[in-house]
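The following exercises concern enclosed space, burial and cysteine pairing in a protein model. Each task is followed by a solution in steps.

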Amino acid sequence: MTPNDIRSAAAEILRENDRGAYTVPTKGLYPFQWNWDSCLTALGLAQLDEDRAWTEIETLFAHQWPDGMVPHIVFHVYDDGYFPGPDVWATGRPTPTSGITQPPVAGFALRRLFETATDGEAAKRRARALLGAVDRWHAWFYEMRDPAGEGLVAIIHPWESGRDNSIDWDDAFERVPRDGIAPYTRRDTQHADPDHRPTNAQYDRYLWLVERFRSLGWDNTKLHDASPFQVVDPGFNAILIRSCADLAWLADWLDEPEIARVNRERASRGLAALESLWSAGHGQYLCRDRRTGALIDSPSVGGLLPAFAPISPARAKAIATRIQALAASARYLVPSHDPADPRFSAKRYWRGPTWLIVNYMIADGLTRAGEWETANAIRSASIDLITTGGFAEYYDPHTGEPCGGGRFTWTAAMVLEFLKSAEPQP
Ligand code: DGY
């Protein structure tokens, strides 16, 4: 496939999954609007239609909760092909939504849309209208998910990380019961190969947490402390830190000094606290189980994603070195888990496969840090994956085999982004 063939195939997928004011991640498996999918998809949409790209993020934020949370799913239309649907979440929102959140990539996406806009006046108007909403979401995170003020936020459900069944969660997840949940039928395994998806035991626990939070009326002042699952994920925090830093940059441009100040302060506290997650032994960051206080011995891509945040040049170099070492065992960078770990699984969702969105964020950060060689290796692997396996949800890092859902929106958006710029150069 030539770059132009890839571009037109990607544009076709974005159009096909466009529902007017939002996109679905893919037909069948994910028939609603997902939070971080939409924000990253907006970057690809901007190459086709800037106005439509802004609308994607505006639609998401139109469903922000009064407390500031932006939910991980907005159920715009009825569709019983997905489980758990709005009746299970029962969040009582005017348009039904889920009751948990997702990686806060909106601040980053907003800056990128603003910087690349050709219609500067429209961009100012639309960015200004979203600035306060994104700031409120950031404030919500530190208030609700960092009650002790350590500078890092916890996720309270694996779905919040976006890395649903990562090996990172296995031990902490054991603490979540499986009993007492309402009987249910999974729908995901009717759309995708069950061997590529989470296990039934994991689904039981996902549902147990949803039922627990629902029983507390989705009151975020209670959920963090009530959750048996509280994990501080370096990848999630890096995305939040980057979004805070980018929102501060945007607020300066839009002459909103107070929003700039608080977001800069959040980013710098977060960066300092992130150091507590560094593992010299693994040469990368690790998650911390907030219930036990211990680092989780699981070398996943969550610990490489901090490259996306403005970490020190020494840390960025160490992550680049670690990724170069992974290239010896994974033909298609960047595997979501280290193949040398016996728990690695090449096709099972976040336990090994390669994802283009993660590649994009890591490559972006490494480019900013001047780690060109590794950034280029990730970019080439991403383009090769499209040529080998089409626009899949994720890929086997050894063979490039497409896994999960097909004709995937954010995969198409990310390859458009990779192709937009020439190879990063010194
Ligand atoms: C799913 O249903 O697999 C989603 O990842 C949850 O958001």
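A pocket is an open set of grid points with protein on both sides within 12 Å along at least five of seven lines. The model examined here is predicted.

**Exercise 1. Describe the largest pocket: its volume, its lining and the elements that supply it.**

Step 1. The volume is considered at the outset: the largest pocket holds about 300 Å³ of space.

Step 2. Its lining consists of 15 residues, and those nearest the centre are Arg112, Tyr360, Asp364, Thr367 and Ser421. Two or more lining residues come from each of helix 5 (106-116), helix 15 (356-368), helix 16 (372-389) and helix 17 (409-420).

Step 3. Helix 15 provides the largest share, with 5 residues.

Step 4. Sorted by class, the lining comprises 6 nonpolar, 3 polar and 6 charged residues.

**Exercise 2. Determine how many residues of helix 5 are buried, and state what they pack against.**

Step 1. Buried requires a relative accessible area under 20%. In helix 5, 9 of the 11 residues meet this condition, and the helix is mostly covered.

Step 2. The buried residues are Ala106, Gly107, Phe108, Ala109, Leu110, Arg111, Arg112, Leu113 and Phe114.

Step 3. These buried residues pack against helix 2 (35-48), helix 3 (50-61), helix 6 (120-144), helix 12 (234-253), helix 15 and helix 17.

**Exercise 3. Characterise the second largest pocket by volume, lining and residue class.**

Step 1. The second largest pocket contains about 170 Å³ of space.

Step 2. Among its lining residues are Phe32, Tyr78, Asp79, Asp80, Thr185 and Arg187.

Step 3. By class, the lining has 6 nonpolar, 2 polar and 4 charged residues.

**Exercise 4. Establish the number of cavities and describe the largest cavity.**

Step 1. Counting cavities of 30 Å³ or more gives 3.

Step 2. The largest cavity has about 220 Å³ of space. It is lined by 19 residues, of which Tyr30, Trp34, Gln102, Asp164 and Tyr349 are the closest to its centre.

Step 3. The lining of the largest cavity divides into 12 nonpolar, 3 polar and 4 charged residues.

**Exercise 5. Decide whether Trp159 is buried or exposed, and identify its surroundings.**

Step 1. Trp159 belongs to helix 7 (residues 158-161).

Step 2. Trp159 counts as buried because its relative accessibility is 3%, and the cut-off for burial is under 20%.

Step 3. Beyond its neighbours within four places in sequence, Trp159 is in contact with residues including His72, Pro84, Trp89, Ile100, Gln102, Asp164 and Tyr203. Ile100 is 59 residues away along the chain, yet the two C-alpha atoms are separated by 8.1 Å.

Step 4. The side chains of Trp159 and Asp164 make a polar contact at 3.4 Å. Asp164 is also one of the residues closest to the centre of the largest cavity.

**Exercise 6. Explain why Cys244 forms no disulfide, and examine Cys287 likewise.**

Step 1. A disulfide is a covalent bond between the sulfur atoms of two cysteines. The criterion applied is a pair of sulfur atoms within 2.5 Å, and the count for the model is 0.

Step 2. Cys244 is unpaired because the closest cysteine sulfur, in Cys39, is 14 Å from its own, too far for a bond.

Step 3. Cys287 is likewise in no disulfide, the nearest cysteine sulfur being that of Cys244 at 19 Å.

Step 4. Cys244 is buried, with 0% relative accessibility. Cys287, at 3%, also counts as buried.

Notes: Residues are numbered from 1 along each chain as its sequence is written. This is a predicted model: local features need pLDDT of at least 70, side-chain atom pairs count only at pLDDT 80 or more; totals for chains, interfaces and linings use all residues. Side-chain values use heavy atoms; hydrogens and water are left out. On a 1 Å grid over the protein atoms alone, a cavity is a set of points where a 1.4 Å probe fits but cannot get out, and a pocket is an open set with protein on both sides within 12 Å along at least five of seven lines; lining residues have an atom within 4 Å of a point. Grid points are joined across faces, edges and corners, and a volume is the space filled by probe spheres set on the points. Ala, Val, Leu, Ile, Met, Phe, Trp, Tyr, Cys and Pro count as nonpolar, Asp, Glu, Lys and Arg as charged, and the others, Gly among them, as polar. Helices (H or I, at least four residues) and strands (E, at least two) are DSSP runs, numbered from the N terminus. Buried means under 20% relative accessible area, exposed over 50%, partly exposed in between (1.4 Å probe, protein chains only). Contact means heavy atoms within 4.5 Å. A polar contact is a pair of N or O atoms within 3.5 Å; within protein, one must be able to donate a hydrogen and the other to accept it, and residues adjacent in sequence count only if both atoms are side-chain atoms.
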